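Student: I have not seen this structure before. Could we go through it by question and answer?

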Amino acid sequence: QVQLVESGGGLVQAGGSLRLSCVASGRTFSMYRMGWFRQAPGKEREFVAARWMNEGSTFYADSVKGRFTIARDNAKNTVYLQMNSLKPEDTAVYYCAAQTSRVVGRYDVWGQGTQVTVSS
C-alpha cells in the first residue's frame, strides 16, 4: 500500500512562488506515474501536472505550462510541484496522486490536499 502526504501550501502574492512536496511511503518501488491536481471552490477537480516515474517524461495542463514544474527526488521518495509566477486563479486545494502500477490504469492513491491561496 502507498500513502501520500502533501505539504508546502500557503498564502502568496500574485507573481510569487511556492513549492509543494508530496512524500510517498509504503510500496513505492513500482509506482508508474505521479500527478498533481487541484480543486478551486465551486469547481471540478482538474489536472495540473504528471510525471512518469521510470522514463521521467512530464505533462502539464495548458494553464500552468511554463510556470509550474513537476520534479522528483528518488532518495527522499518525494515529488515536488514548483509553482512560479502564481496567479489568483491558481488558488485551490492541491492534491498529489499516484498510479501505483501501469495495469491499474488510473490514479488510485490520493493525498489529503494542501491549500494554496494567491492574493491579487
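Student: How many disulfides does the structure hold?
Tutor: This is a predicted model. In it, the sulfur atoms of Cys 22 and Cys 96 lie 2.0 Å apart, and a pair of cysteine sulfurs within 2.5 Å counts as a disulfide. The number of disulfides in the structure is one.

Student: How many residues apart in sequence are the parts that Cys 22 and Cys 96 tie together?
Tutor: Cys 22 belongs to strand 3 and Cys 96 to strand 9, so their link ties together parts of the chain that are distant in sequence by 74 residues.
Both cysteines are buried. The separation asked for is 74 residues.

Student: Is the link of Cys 22 and Cys 96 left-handed or right-handed?
Tutor: The angle to look at is the one about the S-S bond, which is -75°. With that value, the link is left-handed.

Student: Strand 9 also holds Gln 99. Is Gln 99 buried or exposed?
Tutor: Buried means under 20% relative accessible area. Gln 99 has 3% relative accessibility, and therefore counts as buried.

Student: Which side chain makes a polar contact with the side chain of Gln 99?
Tutor: Leaving aside neighbours within four places in sequence, Gln 99 is in contact with several residues, including Met 31, Tyr 32, Arg 33 and Tyr 107. A polar atom of the Gln 99 side chain also lies 3.4 Å from the backbone oxygen of Arg 102. The side-chain partner, at 2.7 Å, is Arg 33.

Student: Which residues have the most contacts inside the largest nonpolar core?
Tutor: This core has 30 residues. Elements giving two or more residues to it include strand 1 (2–7), strand 3 (18–26), strand 8 (78–83) and strand 9 (92–99). Another core, of five residues, lies apart from it, with Phe 37 and Trp 52 among its members. In the largest core, the residues with the most contacts are Leu 4, Met 34, Trp 36, Leu 81, Met 83 and Tyr 94.

Student: Which are the edge strands of the open sheet of four strands?
Tutor: The order in this sheet is 1-3-8-7, with antiparallel pairing. Neighbouring strands are turned by 20° against each other on average, direction ignored. An edge strand pairs on one side only, and the edge strands here are strand 1 and strand 7.

Student: Which residue of strand 3 stands opposite Val 2?
Tutor: Strand 1 and strand 3 run antiparallel and are joined by six bridges. Opposite Val 2, in strand 3, stands Gly 26.

Terms used:
Residues are numbered from 1 along each chain as its sequence is written. This is a predicted model: local features need pLDDT of at least 70, side-chain atom pairs count only at pLDDT 80 or more; totals for chains, interfaces and linings use all residues. Side-chain values use heavy atoms; hydrogens and water are left out. A nonpolar core is a set of buried Ala, Val, Leu, Ile, Met, Phe, Trp, Tyr and Cys residues joined through side-chain atoms within 4.5 Å. Buried means under 20% relative accessible area, exposed over 50%, partly exposed in between (1.4 Å probe, protein chains only). A polar contact is a pair of N or O atoms within 3.5 Å; within protein, one must be able to donate a hydrogen and the other to accept it, and residues adjacent in sequence count only if both atoms are side-chain atoms. Contact means heavy atoms within 4.5 Å. Two strands pair if DSSP finds at least two bridges between them. Axes are lines fitted to C-alpha atoms, for helices over the stretch in contact, and angles run from 0 to 180 degrees between N-to-C directions.
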